[in-house]
Amino acid sequence: MRVDEEIARLEKAVGTLSPVQKMLLGTDGSVTCLLEVVTGSPVEIETLVQRVVAADEATARELEIEAGDEVNYRVVKLKSSASGETLIHAASLTPIKRLEDRFKTDLMRADMPIGTILKRHRIESRRDLLRFRALKEAADLRGIFGVLSKEPLLSREYKIIRHGRPLMAITETFPYHKFQERRRVIVQTPSRIHITLTDLAGDLGRVDGGVGIALEEPSILVEAERGEGLTVRGEGADRARAAALGAMESFGLGGADIRIRSSYQQHVGLGGGTQLAMAVAKALCELYGRSPPAREIAKAVERGGTSGIGVAAFEGGGFIVDGGHSFGPGREKVDYRPSSASPGVAPPPVIMRAEVPRDWRFILVIPNLPKGAHGRHEADVFGAFCPVPKEEVAELCREILVRMMPAVMTGEIEGFGAAVNRIQALGFKRVEVELQDPLVRRLMEEMREAGAAGSGLSSFGPTVYAVADSGVREIEAAAREVMEERGGEVVVTSSQNSGAETRIC
């Protein structure tokens, strides 16, 4: 393997690597010694797994042994003894039959680095590098490294060869943002379902209002570091650039290099535009030592002018009810329009935020249908169908206040689902549902039949969501069957009862 070529390939996939990262990936010597030089501290081992297993077919081929032979499987953290920080996660496989007794004893003690064991027993060996990889997310190792779930990881695989045969196969992994030289800010957002706007009648002097829930998945991860100008890379770069320019102008910030590492579809009803804009602006502010409130950030990037659910989801997560805007001559709003057509209008006040029970599952179904109403078309829909009948608004508000809000507080999923089902036929949500392809209504019906407590359309769709605390596989299967001809995506997730996460490294 040409190390220089593999490093270049890795940088193309994940971004610039620091000299230390290149050394850790490309060294054919002891990683432990290299870490001690870099950190100026002895390295200690914390063992996570230590057991003898039977080699499966793949392991047998890798180690050139017979399937069923005994193999020592060891997973450890290499940590700085000074700070306790985890530096590298390492997993190794070692054929027992190739070990002398004393070597095996030290290996089984599991508190000694591999390089130290080899040196102690004067084992003549070489390291054969096999491959480098960039892993797109750190979900499995998030707790070990203290990183965000969507942060990328760097990994290398190699064998230690003795007497021409593999003595060990080792995989070492560390976060992309560790051992970097330049300061970075990383922001990871939730997504959200928008259950309904509450009042587009406006006869009581307020308008808009909203109800929604923040979700763990899908999510967006943005990273930023200082730069001379403004560079934005990744999915949604144009929208992110506009948000960055808004934040730079509003808060007097300098330039940056921004990378969108994880994103999801825009205009499908999951609030991706707001989350991306808020994440970019938040990262820029933190990069320059500023921490404005979420509402100020939202105003700078022109989000939250109708519904405040996306901004509140970013700020605090959970189940959210917002209070809308004052309405009428000389008030915050004088007519009916979506957030995209409400520049300069501040996000509405949050009048309730509560944690959603952790055993509730949300099944998101994103069929391959045209994007939900947005831009000029969305504004036209507001103009054509508002105001909505105040009698429907009255019933809608009763469903929210009397049935939905108490159900969230008490964990009574059937009441919550019943409210969701009824809301689909009331107020502006009725308008949104009626404008959908018939497939959307069929999805809602079939998921209820499959056992969902409730199902509804998120925002202008086409995403349909269902909520359940059991039978999730059956509900997912029903949705996939409905989408068989059109195709689409299904995501099963939970509520995120906290807002966006920020990490400075």
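Reader: At about what angle to strand 5 does helix 2 (residues 19–26) run?
Author: In this predicted model, local features need pLDDT of at least 70 and side-chain atom pairs pLDDT 80 or more, while totals for chains, interfaces and linings use all residues. Residues are numbered from 1 along each chain, and side-chain values use heavy atoms, without hydrogens and water. Helix 2 (helices are DSSP runs of H or I, at least four residues, and strands runs of E, at least two, numbered from the N terminus) lies across strand 3, strand 4, strand 5 and strand 6 (165–175). Its direction makes an angle with strand 5 (between N-to-C directions of lines fitted to C-alpha atoms, for helices over the stretch in contact, from 0 to 180 degrees) of about 35 degrees.

Reader: In what order do the six strands of the open sheet stand?
Author: The pairing in this open sheet is antiparallel (two strands pair if DSSP finds at least two bridges between them). The order of the six strands is 1-2-3-6-5-4.

Reader: Why is one side of strand 1 and of strand 4 left without a neighbour in the sheet?
Author: Strand 1 (43–54) and strand 4 (126–135) have a single partner strand each, so one side of each is without a neighbour in the sheet. The twist from one strand to the next averages 15 degrees. The reason for the free sides is the place of strand 1 and strand 4 at the edges.

Reader: Which residue of strand 3 stands opposite Val71?
Author: Strand 2 (residues 70–80) pairs with strand 3 (residues 86–95) over nine bridges, in the antiparallel sense. Opposite Val71 in strand 3 stands Pro95.

Reader: Which strands does helix 1 (residues 3–14) touch as it packs on the sheet?
Author: The direction of helix 1 makes about 15 degrees with that of strand 4. In packing on the sheet, helix 1 touches (heavy atoms within 4.5 Å) strand 4 and strand 5 (153–162).

Reader: Are helix 13 (residues 390–410) and helix 14 (residues 413–423) roughly parallel or roughly antiparallel?
Author: The axes of helix 13 and helix 14 come within 8 Å and cross at roughly 160 degrees. Because of this angle, the relation of helix 13 to helix 14 (over 145 degrees by the cut-off) is roughly antiparallel.

Reader: How many nonpolar residues does the contact of helix 13 with helix 14 have?
Author: Helix 13 contributes residues including Leu396, Ile400, Met404 and Val408, and helix 14 residues including Phe416, Val420 and Ile423. One polar and four charged residues take part in the contact. Nonpolar residues (Ala, Val, Leu, Ile, Met, Phe, Trp, Tyr, Cys and Pro) number ten.

Reader: Which residue is joined to Pro462 by a cis peptide bond?
Author: Pro462 is found in the loop between strand 15 (454–457) and strand 16 (464–468). Another cis peptide bond joins Glu217 and Pro218, with omega about -5 degrees, and Pro218 is found in strand 8 (residues 206–226). For the bond to Pro462, omega is about 5 degrees, and the partner is Gly461.

Reader: What is the phi of His267?
Author: Most residues other than glycine have a negative phi. Glu64, in the loop between helix 4 (57–63) and strand 2, has a positive phi of about 60 degrees although it is not a glycine. His267 is found in the loop between strand 10 (256–262) and helix 9 (272–287). His267 is not a glycine either, and its phi is positive, about 60 degrees.

Reader: How far apart are the end C-alpha atoms of residues 404–483?
Author: The unreviewed UniProt entry annotates residues 404–483 as "domain: GHMP kinase C-terminal". This span is 61% helix and 11% strand. Its end C-alpha atoms lie apart by 29 Å.

Note on methods
Angles under 35 degrees count as roughly parallel, over 145 as roughly antiparallel, 65 to 115 as roughly perpendicular and the rest as oblique. UniProt positions are given in the numbering used here, feature names are shortened, and annotations may be inferred rather than shown by experiment.
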